[in-house]
Amino acid sequence: RGEIGNSTITACSNNGDVFGNNNVGGVAGANNVSTITACYNTGNVSGNSSVGGVAGQKTMDGAITACYWANFEGPGTAHIDNGMNSDTTKFGDGKWPSGGQWGTGGGGSGHYWKNLGGWGSPPVYPKLYWEKD
């Protein structure tokens with residue numbers, strides 16, 4: 001099921017395909033009272049219910065910030081309790097965030113992104129501070 005609880009996931013990536021039944025996500029299946037920051041998924045994600053590019057479900061006490069997904073046509077977070085938002089962006093979306101919004105830099109003080117990429121042909125996915133060019 002891939003549920004995280006009372007945890008923190010920061011600056012992680014998934015490039016593999018994820019398959020499941022319910023609460024299926026590219027980074028976490030369900031985010032329960034946890035924080036996911038500066039993570040991404042470029043793999044395919046599939047399941048029967050609550051399927052998201054980053055997380056399948058987020059409870060009202062969970063937080064998802066500065067995350068993106070690609071290669072999945074659904075939402076970043078499929079089921080969000082009590083209408084709370086999650087800060088996820090589908091790669092290539094016209095509302096791609098700036099470095100000031102997501103913090104580019106060397107990994108400290110919330111600056112987890114090395115660069116925010118660009119969508120040409122082929123697209124250049126954003127990279128985390130620890131990834132090689």
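This briefing walks through the main features of the structure above, topic by topic. The model is predicted. The protein has 133 residues, and 42% of them count as buried. Its secondary structure consists of 1 helix and 17 strands, so there are plenty of strands to meet along the way.

**The protein as a whole**

- The accessible surface comes to about 6500 Å², and carbon and sulfur atoms account for 46% of that area.
- Among contacts in the protein with a separation of 6 or more, 58% are between residues 24 or more positions apart.

**Two nonpolar cores**

- A helpful piece of background is that nonpolar side chains in soluble globular proteins tend to be buried together.
- The largest nonpolar core here has 14 residues, and the members that touch the most others are I36, I64 and C67.
- Another core, of 12 residues, lies apart from that one, and its members include A66, Y68, Y112 and L128.

**Strand β6 and its partners**

- Strand β6 covers residues 28–32, and 4 of its 5 residues are buried, so the strand is largely enclosed by the rest of the structure.
- Strand β1 (residues 3–5) runs parallel to β6, and 3 bridges join the two.
- Within this pairing you can look for G5, which stands opposite N32 of β6.
- β6 also pairs with strand β11 (residues 55–58), again in the parallel sense and over 3 bridges.
- Here A28 has A55 in β11 as its bridge partner.

**A sheet of four strands**

- An open sheet of 4 strands can be followed in the order β3-β8-β13-β15, and the pairing is parallel.
- The edges are taken by β3 (13–14) and β15 (88–90); each has a single partner strand, so one side of each is left without a neighbour in the sheet.
- The partner strand β13 (residues 67–69) is joined to β15 by 3 bridges, in the parallel sense.
- Y68 is a good residue to find in this part of the sheet, as its bridge partner in β15 is T89.

**Aromatic rings**

- A pair of aromatic rings is described by the distance of the centres and the angle of the planes.
- The protein has 5 aromatic pairs.
- One of them joins Y40 and W113, whose rings are 6.1 Å apart centre to centre with 35° between the planes, which is a tilted arrangement.
- Y40 belongs to strand β8 (residues 40–41) and W113 to strand β16 (residues 113–115), so this pair ties together parts that are 73 residues apart in sequence.
- Both of these residues, Y40 and W113, are buried.
- Y68 and Y125 form a stacked pair, because their ring centres are 6.4 Å apart and their planes meet at 20°, under the 30 degrees that counts as stacked.
- This second pair links distant parts of the chain, with Y68 in strand β13 and Y125 in the loop between β16 and β17 (127–128), 57 residues apart.
- The two partners differ in exposure: Y68 counts as buried at 0% relative accessibility, whereas Y125 counts as partly exposed at 27%.
- Ring pairs link Y40, Y68, W113 and Y125 into a cluster.

**Two residues with positive phi**

- N6 has a positive phi of about 50° although it is not a glycine.
- You will find N6 in the loop between β1 and β2 (8–10), where the residue is exposed, with a relative accessible area of 68%.
- S50 likewise is not a glycine, yet has a positive phi of about 50°.
- In contrast to the loop position of N6, S50 lies in strand β10 (residues 49–52).
- S50 is partly exposed, with a relative accessible area of 22%.

**A look around I9**

- I9 sits in strand β2 and counts as buried, at 19% relative accessibility; the cut-off for buried is under 20%.
- Leaving aside neighbours within four places in sequence, I9 is in contact with I4, V27, T35, I36, T37 and C39.
- One of these contacts, I36, is also among the residues that touch the most other members in the largest nonpolar core.
- The C-alpha atoms of I9 and A38 are separated by 8.5 Å, while the two residues are 29 residues apart along the chain.

Key. Residues numbered from 1 in each chain as written. Predicted model: local features only at pLDDT ≥ 70, side-chain atom pairs only at ≥ 80, totals over all residues. Heavy atoms only, no water. Core = buried A, V, L, I, M, F, W, Y, C linked by side-chain atoms within 4.5 Å. Buried < 20%, exposed > 50% of the residue type's maximum accessible area, 1.4 Å probe, protein only. Pairing = 2+ DSSP bridges. Phe/Tyr/Trp six-rings, centres within 6.5 Å; stacked < 30°, edge-to-face > 60°. Contact = heavy atoms within 4.5 Å. Areas by Shrake-Rupley, 256 points an atom, 1.4 Å probe, with all protein chains shown as cover.
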